[in-house]
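Please explain how this structure is put together, taking the chains in turn and paying particular attention to how the strands pair.

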Amino acid sequence: MIPLTLALAFALVQRPDPAALNEAAMKAAAEKREEEAEKLWKQAAEGAPGFFPVLFNLGFFYFSHSRYDQAEPWLARAARARPDDFNSRYLLGTTLVNLDRLEAGLVEWRAALKAQPGNYKLMQIMAVNFSKGRYFKEAAEIARRALALRSDDPNAYFVAITSCQEAGEADAAMEIAHRAVEKFPDSARANFEYGYHLQKLGRSEAAMPYLKKAMAADPSYEEPFYFYGECLMNEDRYEEAVGYLRTSVRNRPDYVMASVTLARALMELERYDEAVRELERVLRLSPKHPQPHLLLSQVYFRMGDEDRAQREKELSQRLRREEPGIMEAPQGRPFRPPPAP
Amino acid sequence: MNRLFASAVLVFFSGLAFHLAVPAFPQGMISGGATAVPRAAPSGRPFPVSFVDVAAEAGLRMKFTYGNETRKKYVIEANGSGAAFLDYDNDGLPDIFLVNGSRLEGFPKAAAPTNYLYRNEGKGRFRDVTRDAGLDRAGWGNGVCAADVDNDGNLDLYVTYWGSNVLYRNNGNGTFSDVTARAGVGGPGSEWSTGCTFLDYDRDGHVDLLVTRYIDFTPGKTPMPGQFPFCTWKGSPVYCGPRGLPFGGATLYHNRGDGTFEDVSIHSGIRKAKDFYAFTAVAADLDGDGWTDIYIACDSTPSLYFRNNRDGTFREIGTEAGVAYSEHGGEQAGMAVSVSDFDNDGRLDILKTNFTGDYPNLYRSFRKGFFNDVSVKAGLGVNPSYIVWGTGLVDLDNDGWKDILQVTGHVYPEVQSIDRTEPYKTPRLVYRNLGNGRFEDVSAMAGPGVAQAYSSRGAAFGDFDNDGDIDVVVMNMHEAPSLLRNDLKGANHWFKVKLQGTKSNRAAIGATVVLRAGKLSQTEPVLSQSSFLSHNDLRLHFGLGDAARVDGITVRWPSGDVEEFPGAPADGLALLVEGTGKTEMVPLRR
């Protein structure tokens with residue numbers, strides 16, 4: 001308490017300039033005297049409402065403690081004080097996104113990118129989050145810019161592929177996937193991406209060797225097994241599909257879409273008991289997911305147990321209302337983020 | 001000193017934002033975020049169909065009113081209405097009925113827009129007979145369905161409104177009478193009804209009536225654009241809903257056979273289904289058991305399939321049967337429905353259209369009453385950037401395989417100020433059935449009438465000029481309708497069937513026809529409503545390819561009787577009267 005009292009007394013008596021208060025606050029924060037630091041920054045801001053370092057540091061202080069609702073007004077003031085500052089714009093954008101204000105966050109990130117047009121990492125983050133905001137075209141454009149900057153980084157390809165695909169630029173996604181597999185021929189992900197896009201073009205025959213190569217390169221990678229299984233499903237080769245789909249869910253036991261697709265394959269084969277077992281298994285791992293219940297409703301219906309089918313339907317509908325965000329992507333492909341740099 | 005504490009800012013670049021949650025609150029209109037599935041290699045086959053919009057020269061000049069033209073304050077202003085092809089005067093030429101809306105601020109009495117009835121005069125010309133027919137009613141109309149309610153040989157009309165619905169009895173002399181009050185099918189007068197379909201669910205020979213409601217809508221109680229998360233779209237304020245607004249419902253009326261109906265919604269089990277926003281209703285024997293079932297396209301909630309329990313009750317089995325959700329279990333914004341047999345396997349399939357960012361559903365029936373959504377596998381995942389409304393699963397090129405025509409258009413007139421890539425007016429879509437379970441997008445080859453951009457809603461399918469191919473009438477928001485004349489070239493043959501029930505209801509609503517010609521066996525139902533809140537020509541149209549005659553026809557009547565009819569030469573219209581076993585060819589007027 002003594003240092004706090006002294007610092008406050010000093011501040012009151014001397015009316016130091018905001019830079020000095022900022023220095024004192026930083027020192028206090030570095031020494032884990034966080035309450036004192038907070039008060040000093042606020043005092044400095046009162047004396048100099050437009051003094052950027054104080055506004056930014058206090059915003060960052062809250063941000064670093066995940067106190068996003070408190071961080072937002074200070075970072076917003078910092079961004080107003082210095083509109084071309086990259087850090088305040090970036091942090092304000094991230095704060096807003098964390099507050100579920102994605103649209104406002106994207107606006108700030110756009111400004112941050114304008115401040116540092118060559119910031120590759122921000123481009124990647126923006127490409128992913130712009131897609132979440134359904135600004136698919138902008139996401140694709142940014143991802144392509146990032147790829148042009150760093151064509152040696154496989155992650156740049158993968159983000160660009162996903163962004164272009166989501167923007168409906170299938171040809172561009174395909175072309176980038178092709179370049180990726182040529183540049184990184186032993187990469188499981190690159191082989192998977194190219195195989196996946198060939199499959200979506202309806203060229204299952206061409207896709208399957210790449211998906212197989214991806215499976216061989218990384219037998220623990222769930223997606224090639226899933227989509228290879230889907231290729232087989234599209235050719236009505238349900239028996240074979242079951243094996244690959246089983247591997248996919250073994251690799252990632254909570255991969256609900258693979259599990260549900262496996263259940264669908266088993267339903268096509270009229271192996272209803274096995275379908276029930278698979279769906280109940282994945283429900284033990286993802287009990288709040290409505291999809292396995294939905295499929296269970298269909299399996300029981302086909303088995304003639306309409307009352308049980310009805311119960312599963314109602315459960316599926318209730319879960320869907322409770323957690324609307326739980327559903328995976330419509331195309332059945334959960335986004336696989338690139339590893340952190 | 002202006003030092004920054006945040007020297008570690010860049011630490012936060014380490015993938016932090018990759019793991020952010022999806023926003024918790026859904027926007028009002030469900031949109032799946034689906035992207036275009038790449039197209040398969042083109043078949044290379046020419047498409048002999050060319051649609052030309054001949055509405056103006058045919059005399060269809062009605063202007064469609066439906067809320068504010070430039071900005072929609074409430075969802076009631078956005079959805080649009082249906083159209084009908086029906087031969088109201090039994091002269092053999094399909095006439096056109098168009099449902100009109102209104103606007104929130106109303107109109108001076110004399111200027112209020114009305115529905116329109118256009119009489120087909122032959123030679124491609126129509127005459128406005130709305131007033132003479134007694135159909136010049138103003139109000140906020142939505143859907144239309146037709147059937148012969150009193151079995152007198154004249155098609156009657158039912159029109160849904162935001163307000164009281166109306167049943168028009170066809171007097172058989174070119175006029176209609178409003179018999180709603182006596183029939184007891186107007187509803188409470190405050191509801192927003194959308195879909196309707198006649199059906200004979202209890203096989204008593206009298207058509208009953210199902211009416212759907214979209215939302216429980218009251219302007220003063222409905223929030224304004226941007227007020228809640230469900231009043232936004234892509235982050236911009238737009239009208240609210242349907243999500244977040246009170247649900248609609250469905251009502252089933254039983255026809256007593258004496259001109260009156262009774263509400264049997266509770267007894268029949270229809271009322272057990274809850275929490276949905278309902279649009280188009282279709283009644284057909286979906287599981288092939290000889291009893292008429294009901295399918296309802298629902299917006300942003302699971303669609304509904306009421307299976308007929310054959311005892312006057314229904315059980316809702318949409319989820320169980322596989323026709324409630326997308327292939328991957330997502331809720332969708334269902335708008336329109338078409339029912340036919342796209343793969344000629346003898347079972348009726350269901351085509352449903354949805355909002356932008358989503359695919360349509362092609363629910364293929366693979367066993368009695370079990371369906372799989374094969375839309376993407378069938379090649380229909382290539383155009384998810386359109387909001388698709390009216391739709392028809394019809395044979396456009398007479399090759400014996402059902403093709404698809406769809407009309408599109410956005411719901412927000414200001415949409416391009418929100419996302420410049422999404423226009424309000426968009427072109428029509430045409431898919432050719434390749435006969436192998438797949439379709440290909442041939443919109444670019446289907447003529448100028450398909451390429452034109454409108455914000456379209458209802459679409460009715462029929463052969464208005466009786467030249468042996470399917471034409472389309474389309475409702476366009478705030479504009480005149482389109483009449484897409486199919487100028488089909490080529491030598492493919494065709495055949496039309498008109499059913500007349502005797503034990504069954506006279507218009508044979510709910511019948512299923514199986515027609516055999518050459519190597520193909522085609523199955524087609526008689527529907528009272530389909531597409532988007534619309535009514536198609538009740539004469540069933542079959543393309544025959546190079547088959548010069550029909551080998552035989554089986555009719556599964558709604559009475560439950562199954563009757564065989566002999567074949568006939570191609571390129572004509574056959575009248576099949578229940579119980580006669582005779583195929584009577586009827587001349588076609590042009």
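The paragraphs below take up chain A and then two sheets of chain B.

The model is a predicted one, and what follows should be read with that in mind. In chain A the secondary structure amounts to 19 helices and 0 strands. Of the 341 residues in this chain, 51% are buried. Where contacts in chain A with a separation of 6 or more are considered, 43% of them involve residues 24 or more positions apart.

Chain B offers an open sheet of 4 strands, in which the order is β24-β25-β26-β27 and the pairing is antiparallel. At its edges lie β24 (388–394) and β27 (439–441) of chain B, each of which pairs on one side only. On average, and with direction ignored, neighbouring strands of this sheet are turned by 20° against each other. The pairing of β24(B) with β25 (residues 403–408) of chain B is antiparallel and extends over 5 bridges; within this part of the sheet, B:V388 stands opposite B:T408 of β25(B).

Another open sheet of 4 strands in chain B follows the order β34-β31-β37-β38, and here the pairing is mixed. Its edge strands are β34 (540–545) and β38 (583–586) of chain B, each pairing on one side only, and its neighbouring strands are turned by 30° against each other on average, direction ignored. How do β37 (residues 572–577) of chain B and β38(B) run, and how many bridges join them? The two strands run antiparallel and are joined by 4 bridges, and B:A574 has B:M585 in β38(B) as its bridge partner.

Conventions. Residues numbered from 1 in each chain as written. Chains lettered and ligands numbered in written order. Predicted model: local features only at pLDDT ≥ 70, side-chain atom pairs only at ≥ 80, totals over all residues. Pairing = 2+ DSSP bridges. Axes fitted to C-alpha atoms, helices over the stretch in contact; angles between N-to-C directions. Buried ≥ 20, exposed ≤ 12 C-beta atoms within 10 Å, placed from the backbone. Contact = placed C-beta atoms within 7 Å.
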